[in-house]
Amino acid sequence: MSLLLKFIETGNLADIKLGLQGSAVRAKVGSPTDIMDLSDSLTLWAYGYGLELYFENSLLSKISIKYDFTLGKFRLPECFVEEIYGQFDRLSSVDNLIELLKEQEIDWSIDKRFSDDSTICLLCNEISCIYYSLEDHHILCIQSASS
């Protein structure tokens with residue numbers, strides 16, 4: 001199963017697991033390209049365009065991976081050597097996404113809190129969210145669901 005499908009099912013990206021300390025994450029992924037303090041207790045580590053890690057009180061609380069429209073695939077740091085692009089690249093409709101989730105027996109529902117006229121948010125197994133642009137017909141990002 002591809003790295004992205006495992007991420008949707010578990011909320012963890014390879015061996016980057018929610019709840020890890022920043023030092024453990026840095027040892028696995030390397031140093032971020034940018035660090036932003038979002039509040040006193042929330043920090044964002046960005047790795048180029050494709051990967052964002054959120055730390056709350058120094059513990060990894062959310063992982064977000066972004067789809068690159070220009071390249072037509074997800075861009076992750078080189079430390080993720082597994083096949084990461086696979087089935088999610090160039091999805092042509094939300095119907096294709098839903099069919100893929102059904103094939104993989106991943107439960108999902110629409111999360112109305114984060115959906116609007118242009119974006120649909122699918123909550124998968126209460127572990128991960130997929131944000132899909134209804135205008136561009138592409139996944140915007142996949143992220144571990146906030147607990």
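The following paragraphs lead through the nonpolar cores, one helix, the paired strands and the salt bridges of this structure. The model is a predicted one.

The interior is a suitable place to begin. In soluble globular proteins, nonpolar side chains tend to be buried together. Here the largest nonpolar core comprises 35 residues, and the members that touch the most others are Leu13, Leu51 and Phe88. Helix H1, which spans residues 3–10, gives the most to this core, contributing five residues. The surroundings of Leu13 can be described in detail: leaving aside residues up to four places away in sequence, Leu13 touches Leu3, Phe7, Leu51, Ile63, Ile65, Leu76 and Phe80. Apart from this core there is a second, separate one of six residues, among them Leu123, Cys129, Tyr131 and Ala145.

Helix H2, residues 22–29, shows how a helix may be set against its surroundings. Its residues Gly22, Val25 and Val29 are buried. Seen down the axis of H2, the buried residues fall within an arc of 60°, and therefore they line one face of the helix. Ser23 and Ala27, on the other side of H2, are exposed. The cover over the buried residues of H2 includes three strands: E2 (42–47), E3 (51–56) and E4 (59–68). Just after the helix, Gly30 adopts a positive phi of about 95°.

These strands can be followed in the order of the chain. E2 and E3 pair in the antiparallel sense, with six bridges between them. Within this pairing, Ala46 stands opposite Glu52 in E3. The hairpin of E2 and E3 has three residues between the strands, and Gly48 takes a positive phi near 65° there. E3 is also joined to E4 by six bridges, and these two strands likewise run antiparallel. Two residues of E3 illustrate the register with E4: Leu51 has Ile65 as its bridge partner, while Phe55 has Leu60. In the hairpin of E3 and E4, two residues lie between the strands, and Asn57 takes a positive phi near 50°. How much of E3 is buried? Five of its six residues are, so the strand is largely enclosed by the rest of the structure.

E4 has further pairings. Strand E9, residues 138–144, pairs with E4 in the antiparallel sense over three bridges, and Ser64 stands opposite Gln143 in E9. E4 is joined as well to strand E5, residues 73–74, by two bridges, again in an antiparallel arrangement. In that pairing, Phe74 of E5 is the bridge partner of Tyr67. The hairpin of E4 and E5 has four residues between the strands, and Gly72 takes a positive phi near 70° in it.

The charged residues complete the description. Side chains of opposite charge can pair when their charged atoms come close. A search of the whole structure finds four salt bridges, and three of them are described here. One is formed by Glu52 and Lys66, whose closest N and O atoms are 3.0 Å apart. What does this pair tie together? Glu52 lies in strand E3 and Lys66 in strand E4, so the contact links parts that are 14 residues apart in sequence. Glu52 is buried, with a relative accessible area of 13%, whereas Lys66 is partly exposed at 23%.

Another salt bridge joins Arg75 to Asp68, with the closest N and O atoms 2.6 Å apart. Is Asp68 buried or exposed? At 8% relative accessibility, Asp68 counts as buried. Its partner Arg75 is partly exposed, with a relative accessible area of 32%.

The side chains of Asp111 and Arg113 also meet in a salt bridge, at 2.6 Å from N to O. Asp111 counts as buried, at 7% relative accessibility, while Arg113 is exposed, with a relative accessible area of 65%.

Key. Residues numbered from 1 in each chain as written. Predicted model: local features only at pLDDT ≥ 70, side-chain atom pairs only at ≥ 80, totals over all residues. Heavy atoms only, no water. Core = buried A, V, L, I, M, F, W, Y, C linked by side-chain atoms within 4.5 Å. Buried < 20%, exposed > 50% of the residue type's maximum accessible area, 1.4 Å probe, protein only. Contact = heavy atoms within 4.5 Å. Arc of directions from axis to C-beta. Pairing = 2+ DSSP bridges.
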